[in-house]
Amino acid sequence: MSHDNSYMKHAIAIAQEALGRTSPNPAVGALVVKDGVILGQGFTLPPGQSHAEIVALTQAGDKARNASLYVTMEPCCISGRTPPCTRAIIAAGISTVHVSTVDPNPLVNGRGLAELDAAGIVVHSGEEEEETRKLYEAFAKHIHTGTPFVTAKFAMSLDGKIATSTGDSKWVTGPAARGYVHEMRRACDAVMVGINTVVRDNPLLTARDGEGEPLKRQPLRVVLDSTAHTPPDSLLLKQPGQTLIAVTQPPDSRVAALREAGAEVLPLTATKDGMVDPSALLQALGARGVVNLLVEGGGTLLGSLFDLGLVDKVAAFIAPVIIGGASAPSPVGGKGSITMERITRLERVSVERMEEDLLVIGYPPNGGNG
C-alpha cells in the first residue's frame, strides 16, 4: 500500500502545479504506471483543453493497456467542454484505477467510479484523501454555491498589529513567510483588497518568483472601492494581469480615468452604509470563474467579511515582534463579537514554522464551506 501511496502523493504534487490555471475546473493530477514504471503523467490543462487523465494516457499510448491509473479526483463521466474521461480510460485498456477523492460535482459524485467498475476495471478510492480534500475545498464550494472559496490572509506582530501607528508595514514577517504568500497568490484565481490598502500601501498585488519577477500568469486583482478613489497611477494598474475595481455610484470622471488606466470597473449594489456589498461581489466573481479568492486586507474589508460570515479559511502569519502603540492598526476591523461566547473560533487548526514566523491556518465554523 505504501508504494501505491507514493504514486498518489506524486499525482497530488503534479495537481498542485496546475492550481490557479484550471478554474472553474479542478486542478487534477494523473499518472499511468505499469511494473513500477511511470509511462505517462499530466495535470488538468486550462478550460476546454485536456483533463489530466487524457494527458497521462496520451503520453502512455498503447503501453497503457493493463496499466494502473492514479488520479487525484474521480474521472468525469459527463460531456462538458471535453468528452468524458471515463470512456477514454476504458478504451485505453487500463486495468486498475486508484482515485483519491470523489468528484464533489453532483453530476458526477461517484458515477464515474461506478462506470469504471461496471466496465470491469478494479477501482480503489480514498488514498491520501485528507490531502486532496484540501486541494479541492475551493472547487467543492464553488460547484455547490457558485461563489468563490474565501481565504483571509494577514500578517501581524505578536501583539496583534499589522503596521505601526504611522502606517509603516514593510515588513512585519520575514522572507520565508513572504515567499509563501507569493505561492498562495500563484495558486488562487483572484487577490482582493480594500481601497484603504491601495491608498496606504500602493501594493503591486502580483505573484512573483524568488527573484521578485512577476510570474507569467497573474491572479485577477480586485479592489473594493465604492467611490472609485483608486489613484489612476497606482502600481497595481501598471502590472501584468487584470485589475477589477468594484464600485457603487462614483463620479463618472473617476470611472473614466480608471478605465483609461486599464482597469475594469464593475458597478455593484451598495450596503446601507454605501459600501460595495461583499456578497454581491462574491456572486459576480463566482460567475466569472473565480473559484479561489485570497483576501489580503485591510482591516475594514476583513472585518466586514467576518461579520457577514463569508470567510471560509484563515491564513494568519504571526511574527515574533512587538509593534505597540494604541492606535496601531490590527488585522480585522468591523463590528466584531460583542461577547466571548460569539467569537469566531477556528476549527481544524494547523501551525507551521516559517523560519522565525508562524503560520496558523484554520477554518471558521460559519464559513461558506461549513
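How many cavities of 30 Å³ or more does the count come to? In this predicted model, the count comes to 1 cavity of that kind. The cavity makes a good place to return to once the two sheets have been introduced.

The first sheet is open and built from 5 strands, which follow the order 2-1-3-4-5 with mixed pairing. Its edges are formed by strand 2 (37-43) and strand 5 (122-125), each of which pairs on one side only. On average, neighbouring strands here are turned by 15° against each other, with direction ignored. As a reminder for newcomers, strands of a sheet pair through backbone hydrogen bonds, in either a parallel or an antiparallel manner. Strand 1 (residues 29-34) and strand 2 give an antiparallel example, joined by 6 bridges. Within this pairing, A30 has G42 of strand 2 as its bridge partner. A helix also belongs to this picture: helix 4 (residues 111-118) lies across strand 4 (96-101) and strand 5, and runs at about 150° to strand 5.

The loop between strand 1 and strand 2 holds D35, a residue with a positive phi of about 50° although it is not a glycine. That is worth a second look, because most residues other than glycine have a negative phi.

Strand 3 of the first sheet leads to an aromatic contact. The count of aromatic pairs comes to 2. In one of them, Y7 and Y70 are tilted, with 5.1 Å from centre to centre and 45° between the planes. This pair links distant parts of the chain, since Y7 sits in helix 1 (residues 2-18) and Y70 in strand 3 (residues 68-73), 63 residues apart.

The second sheet is open too, and it contains 9 strands in the order 10-9-8-7-11-6-12-14-13, again with mixed pairing. Strand 10 (264-267) and strand 13 (347-354) each have a single partner strand, so one side of each is left without a neighbour in the sheet. From one strand to the next, the twist averages 20°. Strand 7 (residues 190-194) and strand 8 (residues 220-224) pair in the parallel sense over 5 bridges, and V193 stands opposite V223 in strand 8. Helix 10 (residues 278-287) lies across a series of strands, including strand 6 (149-157), strand 9 (243-247) and strand 11 (292-295), and its direction is at about 160° to strand 8.

Two peptide bonds also deserve attention, because most peptide bonds are trans. One cis bond joins S23 and P24, with omega about 5°, and P24 is placed in the loop between helix 1 and strand 1. Another cis bond joins K170 and W171, with omega about -5°; W171 lies in the loop between strand 6 and helix 7 (175-187).

It is now time to return to the cavity. The largest cavity has a volume of about 110 Å³. Of the 16 residues that line it, L19, S23, N25, V291 and N292 are the closest to its centre. S23 thus appears twice in this account, as a lining residue of the largest cavity and as a partner in the cis bond to P24. Which helix gives the largest share of the lining of the largest cavity? That share, 3 residues, comes from helix 6 (residues 137-145). Sorted by class, the lining of the largest cavity has 9 nonpolar residues, 5 polar and 2 charged ones.

How values were computed
Residues are numbered from 1 along each chain as its sequence is written. This is a predicted model: local features need pLDDT of at least 70, side-chain atom pairs count only at pLDDT 80 or more; totals for chains, interfaces and linings use all residues. Side-chain values use heavy atoms; hydrogens and water are left out. Two strands pair if DSSP finds at least two bridges between them. Helices (H or I, at least four residues) and strands (E, at least two) are DSSP runs, numbered from the N terminus. Axes are lines fitted to C-alpha atoms, for helices over the stretch in contact, and angles run from 0 to 180 degrees between N-to-C directions. Contact means heavy atoms within 4.5 Å. On a 1 Å grid over the protein atoms alone, a cavity is a set of points where a 1.4 Å probe fits but cannot get out, and a pocket is an open set with protein on both sides within 12 Å along at least five of seven lines; lining residues have an atom within 4 Å of a point. Grid points are joined across faces, edges and corners, and a volume is the space filled by probe spheres set on the points. Ala, Val, Leu, Ile, Met, Phe, Trp, Tyr, Cys and Pro count as nonpolar, Asp, Glu, Lys and Arg as charged, and the others, Gly among them, as polar. Rings of Phe, Tyr and Trp (its six-membered ring) pair if their centres lie within 6.5 Å; planes under 30 degrees apart count as stacked, over 60 as edge-to-face and the rest as tilted.
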